[in-house]
Amino acid sequence: MMDKDIAVLIIGLGSMGKRRARNLKALGFSNVYGFDLREDRRKEAEQKNSINTFSSFEEACKVTNPKALIISVPPDVHHIYMRHAVEMEIPFFVEASVVDTGIAEISAACKTKNILAAPSSTMYFHPAIQKIFSLVRSGYLGNITNVIYHSGQFLPDWHTYEKVSDFYVSNKETGGAREIVPFEMTWLCSLFGFPEAVAGMVKKTIEIGGADEIDDTYNLLFDYRSFTLQLTIDVVSRCATRRLLINGSEKQLTWNWDENSIRVFHPKTSEWEIIKYDVLDAEGGYNKNITEQMYIDEMNSFFNAVKGESHFINTLDSDHRVLRLLYAAEESCRTKKFVQTF
């Protein structure tokens, strides 16, 4: 079992940082600390999550002597704290990436120093996704012929308590839709592997106040040689949506996250098999389908890997490869051609 008395430092106390504090408390960690430059965020974390916080990273490290870092700052500054973790030679968990700021170099340094680096793979820990992994990998559906997946949200709904312009999703490089592409492709590539080529169409379709420069819709087609995967990511869906269809040579699978079940069509009987699953309620203020359990399980998996009891599902090398898929899709949009991804 993991020592729940070790000092854990959360870097960044915005939406994700406060969530990670809740996760660690739910897992029984007793020495959780936070660092953020903003006083309002520090005060909120202290009041709501009962953790001690710091306005200086250096002071936080000196006082707490952390044995693990949870990096929950905006994606364009992830690299700063990953490098600190490498220098301190301690394991770290980092939220989903969308920009490549020396990931290959950091990964190489982690290998040299035998440091655990755990990039987020949140959706893998959703009970529906784990069941889908089991069904696909067992061959239950037969050979995969095509996959269609839509992940849509409305950007102003992400943080209803602040303007879109006040956080990183309004910036072109770290825009909301752009960020969700690797967030979703991380688990899709873990399940189906990496495609050989991609065609992409990237567009700005509506005006979102405070996010004038971002593309809000990504339509991508991945070539897996024996099958295709069609992915739509957008931040213009007025009703938050995750819908998946997997066609197999033997059966068809559908999943809609509004229903706590997976449906599998059996052509021999023309009947649908309903596979139910249970989820914890979402935290107040979040979409009802964003179950807190997958974040708790993700944190638990990270610390099991820190202890050496298991391997974390994601690696920096894989994360880097997923980012290259994003860049290839954007290149495809610019050139109007399929782009090889290897």
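**Exercise 1. Find how strands S11 and S12 pair, and follow the chain on into S13.**

Solution. Start with strand S11 (residues 236-248) and strand S12 (residues 252-256), which pair in the antiparallel sense over five bridges. Strands here are DSSP runs of E with at least two residues, helices are runs of H or I with at least four residues, and both are numbered from the N terminus. Two strands pair if DSSP finds at least two bridges between them.

Before going on, please note that this is a predicted model, in which local features need pLDDT of at least 70, side-chain atom pairs count only at pLDDT 80 or more, and totals for chains, interfaces and linings use all residues. Residues are numbered from 1 along each chain as its sequence is written, and side-chain values use heavy atoms, with hydrogens and water left out.

Next, pick out one bridge: Asn-247 has Gln-252 in S12 as its partner. Three residues lie between S11 and S12, and the two strands form a hairpin.

Now step onward. S12 also pairs with strand S13 (residues 261-266), in the antiparallel sense and over four bridges. Look for Thr-254, which stands opposite Arg-263 in S13. S12 and S13 form a hairpin too, with four residues between them.

**Exercise 2. Trace the pairing of S8, S9 and S10.**

Solution. Strand S8 (residues 197-203) and strand S9 (residues 217-223) run antiparallel and are joined by seven bridges. Here Val-198 stands opposite Phe-222 in S9.

On to the next partner: S9 pairs with strand S10 (residues 228-234), again antiparallel, over seven bridges. Asn-219 stands opposite Thr-232 in S10. Finally, look at the hairpin of S9 and S10: four residues lie between the strands, and Arg-225 takes a positive phi near 70°.

**Exercise 3. Check the length of helix H8 and list what its buried residues pack against.**

Solution. First, the length. The expected span of a helix is 1.5 Å times one less than its number of residues. For the 16 residues of H8 (residues 292-307) this gives 22 Å, and the end C-alpha atoms are 23 Å apart, which agrees.

Second, burial. Buried means under 20% relative accessible area, exposed over 50% and partly exposed in between, with a 1.4 Å probe and protein chains only. Among the buried residues of H8 are Met-294, Tyr-295, Met-299, Phe-302 and Phe-303.

Third, the neighbours. The buried residues of H8 pack against strand S1 (7-11), helix H1 (15-26), strand S4 (68-71), strand S5 (92-94) and strand S6 (117-119). After H8 comes Gly-308, with a positive phi near 90°.

**Exercise 4. Which residues touch the most other members of the largest nonpolar core?**

Solution. A nonpolar core is a set of buried Ala, Val, Leu, Ile, Met, Phe, Trp, Tyr and Cys residues joined through side-chain atoms within 4.5 Å. The largest has 86 residues, and those touching the most other members are Ile-132, Met-185, Phe-192, Ile-246, Trp-255 and Phe-303. Helix H7 (residues 176-192) gives the most to this core, with ten residues.

Zoom in on Phe-192. Leaving out residues up to four places away in sequence, Phe-192 touches Val-136, Ile-144, Val-147, Tyr-224, Phe-227, Leu-229 and Ile-246, where contact means heavy atoms within 4.5 Å. Apart from the largest core lies another, of 26 residues, with Phe-54, Phe-92, Val-94 and Cys-110 among them.

**Exercise 5. How many disulfides does the model have?**

Solution. A disulfide is a pair of cysteine sulfur atoms within 2.5 Å. By this rule the count is zero. For Cys-110, the nearest cysteine sulfur is that of Cys-61, 16 Å away. Cys-110 counts as buried because its relative accessibility is 5%. For Cys-333, the closest cysteine sulfur is in Cys-189, 19 Å away and therefore too far for a bond. Cys-333 is buried as well, at 13% relative accessible area.

**Exercise 6. Classify two aromatic pairs.**

Solution. Rings of Phe, Tyr and Trp (its six-membered ring) pair if their centres lie within 6.5 Å; planes under 30 degrees apart count as stacked, over 60 as edge-to-face and the rest as tilted. A search of the whole structure gives 16 such pairs.

Take Phe-35 and Tyr-81: the centres are 6.2 Å apart and the planes at 55°, so this pair is tilted. Phe-35 sits in strand S2 (residues 31-35) and Tyr-81 in helix H4 (residues 78-88), 46 residues apart. Both Phe-35 and Tyr-81 are buried.

Then take Tyr-149 and Trp-187: at 5.5 Å centre to centre and 80° between the planes, this pair is edge-to-face. Both Tyr-149 and Trp-187 are buried.
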